[in-house]
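This report walks through selected features of a predicted model. The sequence and the structure are shown here for reference.

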Amino acid sequence: MFDNIVLNKDELEEISYRLGQEITDTLKNEKKIPVIVGVMKGSMNFMMDLIKYIEVPIFTDYIQISSYAGTKSTGRIQLIKDLSYECEGRSVVIVEDIVDTGKSMHYLIEHIMTHNPRNIYVCSLFDKKPARVIDVNVDFVGKELTEDTFLIGYGLDYNELCRELPYVFGATNEDIEELDKILKNDDK
């Protein structure tokens, strides 16, 4: 089970370091302290590793939306938790686990724009450009994906399972069946 490893622990650490350095270079001349905004829950592992390598003062915040059920997008985006930090006049870096269709990221950018930030940057562990239906720019990319694989681990979940894994894998049908059995047994 979980054999199709896409990124292992060391690769994830290297990505966090590289992107942390890129973000540092981008934000080093900011007059106001920038805000790093994690998109809950999928980006939480990535964001916690990433911010260790950002070498300028930052504030952190979280926003939570929902658009998935199982392995499929519902097509509806629901805001569950809004920003708690004031972003007006500050640069904001949205930290996401994966940008695929662009719908969720477009929604987030539009929503955060209502807070009047100075700039908005997007940092994503994965960028799945072939799945885009809405054009959004990802400024800081961990890994580009060319295949339409459902990813799990390191914050990315299947019905809330496997967020704790220290690696990311491409789920097979057998993996999904195993996870469904775990969920079914939990209902007993």
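The sections below take up the central strands, the nonpolar cores, one helix, a contact across the chain, a small sheet and the aromatic pairs.

## Strand β5 and its partners

The model discussed here is predicted, and strand β5 is a convenient place to begin, since nine of its nine residues are buried and the strand is thus mostly covered. Strand β2, which spans residues 35–40, pairs with β5 in the parallel sense over four bridges, and within that pairing V35 has V92 of β5 as its bridge partner. Strand β6 also runs parallel to β5, and eight bridges join the two.

S91 belongs to strand β5 and has N119 in β6 as its bridge partner. The two residues are linked through their side chains as well, by a polar contact of 3.3 Å. With a relative accessibility of 0%, S91 counts as buried because the cut-off for that class is under 20%. Leaving out residues up to four places away in sequence, S91 touches L27, E30, P34, V35, R118, N119 and Y121, a list that includes V35, the residue bridged to V92.

## Two nonpolar cores

Which residues have the most contacts inside the largest nonpolar core? This core has 26 residues, and F46, C123 and F126 are the ones with the most contacts inside it. Helix α1 (9–27), helix α2, strand β5 and strand β6 (119–127) each supply at least two of its residues, and α1 gives the most, with five.

The surroundings of C123 illustrate how this residue meets other parts of the chain: beyond residues up to four places away in sequence, C123 touches L19, I23, F46, L50, V93, I94, V95, E96 and F140. Apart from the largest core lies another one, of 19 residues, which includes I63, C87, I112 and V141.

## The buried side of helix α3

Helix α3 covers residues 103–113, and its buried residues are S104, M105, L108, I109, H111 and I112. These residues span an arc of only 165° around the axis, and therefore they lie on the same side of α3. One of them, I112, is also among the residues of the 19-residue core.

## N45 and R163

N45 lies in helix α2, which runs over residues 44–51. Although N45 and R163 are 118 residues apart along the chain, their C-alpha atoms are separated by 8.1 Å. A polar atom of the N45 side chain lies 2.9 Å from the backbone oxygen of R163. When neighbours within four places in sequence are set aside, the residues in contact with N45 are Y154, G155, R163 and L165.

## A three-stranded sheet

An open sheet of three strands, with antiparallel pairing, has the order β1-β9-β8. Strands β1 (5–7) and β8 (151–152) stand at the edges and have a single partner strand each, so one side of each is left without a neighbour in the sheet. Strand β9, residues 168–170, pairs with β8 in the antiparallel sense over two bridges, and I152 has F169 in β9 as its bridge partner.

## Aromatic pairs

How many aromatic pairs are there when ring centres must lie within 6.5 Å? The count comes to five aromatic pairs. In one of them, the ring centres of F59 and Y85 are 4.5 Å apart and the ring planes are at 35°, so the pair is tilted. F59 lies in strand β3 (residues 59–69), whereas Y85 lies in the loop between β4 (72–81) and β5 (91–99), so this pair ties together parts that are 26 residues apart in sequence. Both rings belong to partly exposed residues, with a relative accessible area of 25% for F59 and a relative accessibility of 27% for Y85.

The rings of Y167 and F169 also form a tilted pair, because their planes are at 50°, and their centres lie 6.3 Å apart. Buried or partly exposed: how do Y167 and F169 count? Y167, at 21% relative accessibility, counts as partly exposed, whereas F169 is buried, with a relative accessible area of 0%. F169 thus appears in two settings, as a member of this ring pair and as the bridge partner of I152.

Terms used
Residues are numbered from 1 along each chain as its sequence is written. This is a predicted model: local features need pLDDT of at least 70, side-chain atom pairs count only at pLDDT 80 or more; totals for chains, interfaces and linings use all residues. Side-chain values use heavy atoms; hydrogens and water are left out. Rings of Phe, Tyr and Trp (its six-membered ring) pair if their centres lie within 6.5 Å; planes under 30 degrees apart count as stacked, over 60 as edge-to-face and the rest as tilted. Buried means under 20% relative accessible area, exposed over 50%, partly exposed in between (1.4 Å probe, protein chains only). A polar contact is a pair of N or O atoms within 3.5 Å; within protein, one must be able to donate a hydrogen and the other to accept it, and residues adjacent in sequence count only if both atoms are side-chain atoms. Contact means heavy atoms within 4.5 Å. A nonpolar core is a set of buried Ala, Val, Leu, Ile, Met, Phe, Trp, Tyr and Cys residues joined through side-chain atoms within 4.5 Å. The arc is that of the directions from the helix axis to the C-beta atoms. Two strands pair if DSSP finds at least two bridges between them.
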